[in-house]
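Colleague: I would like a close look at one part of this model, the surroundings of the bound molecule, before I go back to the bench. Please take me through it step by step.

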Amino acid sequence: MSGTPELGLPMAVPEAGLPARVRIHEVGARDGLQNEKATVPTGVKAEFVRRLADAGLTTIEATSFVHPKWVPQLADAEELFPQIADLPVDLPVLVPNERGLDRALALGATRVAVFASATESFAKANLNRTVDEALAMFEPVVARAKAAGGHVRGYLSMCFGDPWEGAVPVPQVARVCRALLDMGCDELSLGDTIGVATPGHVRALLTELTGHGTPVEKLGVHFHDTYGQALANTYAALQHGVTTVDASAGGLGGCPYAKSATGNLATEDLVWMLRGLGVDTGVDLGRLVATSAWMADHLGRPSPSRTVRALSHKEQ
Ligand code: HMG
Ligand code: MG
């Protein structure tokens with residue numbers, strides 16, 4: 001055993017075979033707020049992102065350049081981005097098509113993410129396209145973003161289950177992963193959009209992908225906690241060598257186009273587990289909890305994160 005227990009932190013007991021460091025891809029400001037009924041004022045969003053950076057998060061997904069009719073909560077992307085662009089962190093943004101990329105590039109945003117689906121039903125609901133039509137839509141986006149010196153993340157939703165189609169076969173997911181990598185995506189985020197994955201399923205998908213040549217460094221995981229499995233699934237991914245984990249401060253968010261999607265894995269719950277495993281994240285848990293408690297006040301409801309609840313009692 002090692003590590004000194006501190007108030008408000010678990011004792012660090014490092015475990016062999018896990019990565020020394022994990023990069024948290026923070027999605028609260030985008031994936032979290034896109035799903036809130038209330039539209040959060042732009043100034044509050046900007047402060048949220050600033051506070052997340054101050055808490056030590058280095059990749060903070062800021063907003064989406066999608067059609068404002070589809071996601072009205074993020075319709076202020078043009079106003080928000082310049083208010084945070086000076087932060088010394090990576091601020092990726094979602095772009096579904098060339099129109100979205102033009103909007104992002106006009107503001108100097110060069111870290112972008114396209115978002116594909118492993119299933120036809122969700123591709124239709126989320127992008128008004130078939131899976132292959134969506135991939136064709138992304139191709140020029142990825143090519144142009146790369147030509148502009150940018151970095152491209154490829155999200156893949158419904159990697160484990162789909163609310164309309166049920167369980168999703170691993171080879172079906174692997175096909176779309178390969179297409180995203182072949183078109184030039186720098187990294188993938190494997191999304192359990194409705195939170196139905198379990199650790200063995202996660203291992204099966206990662207084994208399929210890395211077994212056929214995808215470097216594990218290119219794979220991130222994006223879990224939702226619908227059935228309380230997000231941390232167990234994350235642990236399975238860490239054991240497989242994954243070092244990029246998506247999470248949402250305070251557990252904000254779901255997905256507006258997938259009814260059964262509940263909250264994303266809460267960043268605080270993730271940081272608590274990683275800290276206990278001796279895995280470095282660079283995140284100051286106290287500051288992060290204070291930020292999520294502050295955002296919960298703005299939204300008028302408590303954070304679903306167990307860690308936020310446990311630690312914000314102590315702080316008051
Ligand atoms: P469409 O209706 O098929 O669009 O939507 P279109 O290409 O036919 O264009 C229609 C009009 O929209 C045109 O305007 C375009 O210019 C305009 P008009 O000529 O009629 O005046 N338009 C745009 N305007 C602003 N920005 C744009 C843009 N594109 C077209 N980028 C579209 C297709 C892709 C636009 C639409 O389906 C869309 O915006 N979808 C986004 C949905 C979304 O953001 N979902 C949430 C993100 S995914 C997610 O949360 C899952 C994830 O978190 C991982 C996980 O949890 O699994 C990533
Ligand atoms: Mg999500």
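Which element gives the largest share of the shell around ligand 1?

Modeller: Please keep in mind that this is a predicted model. The largest share of the shell around ligand 1 comes from helix 4, which supplies three residues. In total, 26 residues surround ligand 1, and the closest of them are Gln 34, His 67, Asn 97, Asn 126 and Thr 193. Sorted by class, the residues of this shell divide into 11 nonpolar, 10 polar and five charged.

Turning to individual polar contacts, Arg 30 places a polar side-chain atom 2.9 Å from an oxygen atom of ligand 1, and Arg 99 likewise has a polar side-chain atom 3.1 Å from an oxygen atom of the ligand. His 67, which is also listed among the closest residues, makes its contact through the backbone, with an N or O atom lying 3.0 Å from an oxygen atom of ligand 1. Taken alone, ligand 1 exposes 1100 Å², and the protein buries 76% of that area. The elements that give two or more residues to the shell are helix 1 (28-32), helix 4 (98-106), helix 5 (120-127) and strand 6.

Helix 1 also takes part in the metal site, where the magnesium ion (ligand 2) is coordinated by Asp 31 through OD, His 222 and His 224 through NE2, and Asn 264 through OD1, at 2.0 to 2.3 Å. Along the sequence these donor residues follow the spacing D-x190-H-x1-H-x39-N. Distant parts of the chain are linked in this way, with Asp 31 in helix 1 and His 224 in the loop between strand 10 (219-223) and helix 9 (230-239), 193 residues apart.

Strand 6 (151-157) appears again in the lining of the second largest cavity, to which strand 1 (23-26), strand 5 (111-117) and strand 6 each supply at least two residues. That cavity has a volume of about 40 Å³, and its lining consists of Arg 23, His 25, Thr 59, Pro 92, Arg 111, Val 112, His 151, Arg 153 and Glu 187. By class, the lining has two nonpolar, three polar and four charged residues.

To complete the view of enclosed space, the structure holds three cavities of 30 Å³ or more. About 60 Å³ of space lies in the largest cavity, and the residues that line it include Ala 249, Leu 252, Met 295, Arg 301 and Pro 304. Its lining has seven nonpolar, three polar and one charged residues.

How values were computed
Residues are numbered from 1 along each chain as its sequence is written. Chains are lettered from A and ligands numbered from 1 in the order in which they are written. This is a predicted model: local features need pLDDT of at least 70, side-chain atom pairs count only at pLDDT 80 or more; totals for chains, interfaces and linings use all residues. Side-chain values use heavy atoms; hydrogens and water are left out. On a 1 Å grid over the protein atoms alone, a cavity is a set of points where a 1.4 Å probe fits but cannot get out, and a pocket is an open set with protein on both sides within 12 Å along at least five of seven lines; lining residues have an atom within 4 Å of a point. Grid points are joined across faces, edges and corners, and a volume is the space filled by probe spheres set on the points. Ala, Val, Leu, Ile, Met, Phe, Trp, Tyr, Cys and Pro count as nonpolar, Asp, Glu, Lys and Arg as charged, and the others, Gly among them, as polar. Helices (H or I, at least four residues) and strands (E, at least two) are DSSP runs, numbered from the N terminus. A residue is near a molecule or strand if one of its heavy atoms lies within 4 Å of it. A polar contact is a pair of N or O atoms within 3.5 Å; within protein, one must be able to donate a hydrogen and the other to accept it, and residues adjacent in sequence count only if both atoms are side-chain atoms. Accessible areas come from the Shrake-Rupley method with a 1.4 Å probe; for residues, only the protein chains shown count as cover. Donors are N, O and S atoms within 2.8 Å of the metal (3.2 Å for Na, K and Ca); water is not among the atoms, so sites may look incomplete.
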